[in-house]
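Dear colleague,

Please find below the structure that I am handing over to you. I should be grateful if you would read the notes after it with the sequence at hand.

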Amino acid sequence: MTLTVPLDTPGKHYGHIRLPHSADDSAWGHVMVPVCVVNGGNGPTALVTGANHGDEYEGPIAIRQLINTATPETTTGRLILIPQLNMPAFEAATRTSPIDGVNLNRAFPGNPTGTLTQRLAAFVNDHLIPPADLVIDFHSGGKTLDFLPMAISHILDDADQDARCAAAARAFGAPYTARLREIDDAGMFDGAAERAGKTFVTTEIGGAGTSTPASAAVALDGLLRTLAHHGILSAAPAPAPTRGLDLSDPLGFHFSTRGGLFHPLATLGDRVARDQALAHIYATQDLQSPPHTLYAQRSGLVSARHVPGLIKPGDCAFVLGTDDGPMGR
Ligand code: ZN
């Protein structure tokens with residue numbers, strides 16, 4: 001695995017992470033992940049990644065916009081910008097890699113002798129996380145979920161790091177700022193960066209396998225604000241109001257027990273009561289029986305919802321959070 005772009009040379013450089021991939025259609029072939037490094041000299045380093053999951057688009061759009069405008073003269077420190085981290089998945093518009101079926105965000109810290117995705121994770125873990133002070137890994141809902149726009153920091157045991165990450169997520173200025181503790185962070189980029197002591201911010205911004213003018217703007221503005229918060233950029237949109245969102249209650253996660261035609265009765269941003277009907281699910285072959293009703297397990301704000309018109313048992317149908325109200329600066 002090779003990085004064909006210098007990290008330590010001042011200037012703006014374009015290159016690739018080059019991963020050997022010997023395949024039927026390319027004997028000595030490689031997978032090429034495009035990278036832009038903007039090195040403005042002394043200062044902090046930000047590693048910014050999009051399309052960790054290949055069907056999530058707000059991050060790639062925001063990072064490509066930043067690549068088009070960032071210069072060494074306007075950068076204090078260094079930007080390592082990788083808009084399409086899981087390149088095979090991005091080009092296939094899939095969540096996981098079509099090459100090995102591996103979910104990059106479950107492959108950390110990676111394996112330098114493993115499958116392609118495991119090797120990519122190892123390269124990021126061993127070579128790109130260590131020089132970074134700040135890591136921003138963009139996510140959206142992908143093809144199957146749609147989210148309220150939010151920046152997220154994790155609840156961490158180290159108080160100083162916890163405060164740094166929460167302040168960075170707050171600075172992002174998305175309409176919502178969430179804090180959560182992953183139920184199981186095994187294999188996640190998030191945990192790998194956090195265990196390395198980095199300030200780490202992730203997002204869930206929109207989804208549904210596309211982007212909107214509003215969701216793309218949230219991603220770009222937030223990226224610029226968070227980089228300005230760390231002194232890497234001097235110009236950024238004005239600080240934006242944000243509302244605290246608590247997604248820590250496992251009861252907020254609603255998984256379907258049935259498969260069929262999905263009729264949502266609530267949508268993003270709705271405030272629902274406990275036992276309120278969230279969706280009807282119609283068995284596709286049975287026209288006689290009434291639909292199965294999915295009820296809210298608790299009250300809350302609809303923070304994410306299932307997108308496709310069909311649903312399967314086990315699919316995440318809704319996530320309900322607690323709106324904690326406006327956050328102070
Ligand atoms: Zn994702």
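The notes below concern a metal site and a pair of packed helices.

Please bear in mind that this is a predicted model.

Zinc site

The zinc ion has protein donors from His53 (ND1), Glu56 (OE), Glu56 (OE) and His139 (ND1), at 2.1 to 2.4 Å from the metal. Along the chain, these donors follow the spacing H-x2-E-x82-H. Distant parts of the chain are thereby linked: His53 belongs to the loop between strand S4 (45-49) and helix H1 (58-69), whereas His139 belongs to the loop between strand S6 (134-137) and strand S7 (145-154), 86 residues apart.

The angles among the four donor atoms run from 57 to 148°. A tetrahedral assignment would require all angles to lie between 85 and 135 degrees, and the site of the zinc ion is irregular.

Both histidines fall under the 20% cut-off for buried residues. The relative accessible area is 3% for His53 and 5% for His139.

Helix packing

Helix H1 also packs with helix H6 (residues 213-229), at an angle of about 55° and with the axes 8 Å apart. That angle makes H1 oblique to H6, and H1 passes H6 in a right-handed crossing. On the H1 side, the contact is made by Glu58, Ile61, Ala62, Ile63, Gln65 and Leu66. On the H6 side, Ser215, Ala216, Ala219, Leu220, Leu223, Leu224 and Leu227 take part.

With kind regards

Note on methods. Residues are numbered from 1 along each chain as its sequence is written. This is a predicted model: local features need pLDDT of at least 70, side-chain atom pairs count only at pLDDT 80 or more; totals for chains, interfaces and linings use all residues. Side-chain values use heavy atoms; hydrogens and water are left out. Donors are N, O and S atoms within 2.8 Å of the metal (3.2 Å for Na, K and Ca); water is not among the atoms, so sites may look incomplete. Four donors count as tetrahedral if all angles lie between 85 and 135 degrees; four count as square planar and six as octahedral if opposite donors are over 155 degrees apart and all others between 65 and 115; anything else is irregular. Helices (H or I, at least four residues) and strands (E, at least two) are DSSP runs, numbered from the N terminus. Buried means under 20% relative accessible area, exposed over 50%, partly exposed in between (1.4 Å probe, protein chains only). Axes are lines fitted to C-alpha atoms, for helices over the stretch in contact, and angles run from 0 to 180 degrees between N-to-C directions. Angles under 35 degrees count as roughly parallel, over 145 as roughly antiparallel, 65 to 115 as roughly perpendicular and the rest as oblique. A crossing is left-handed if the near helix is turned anticlockwise from the far one by less than a right angle, and right-handed if clockwise. Contact means heavy atoms within 4.5 Å.
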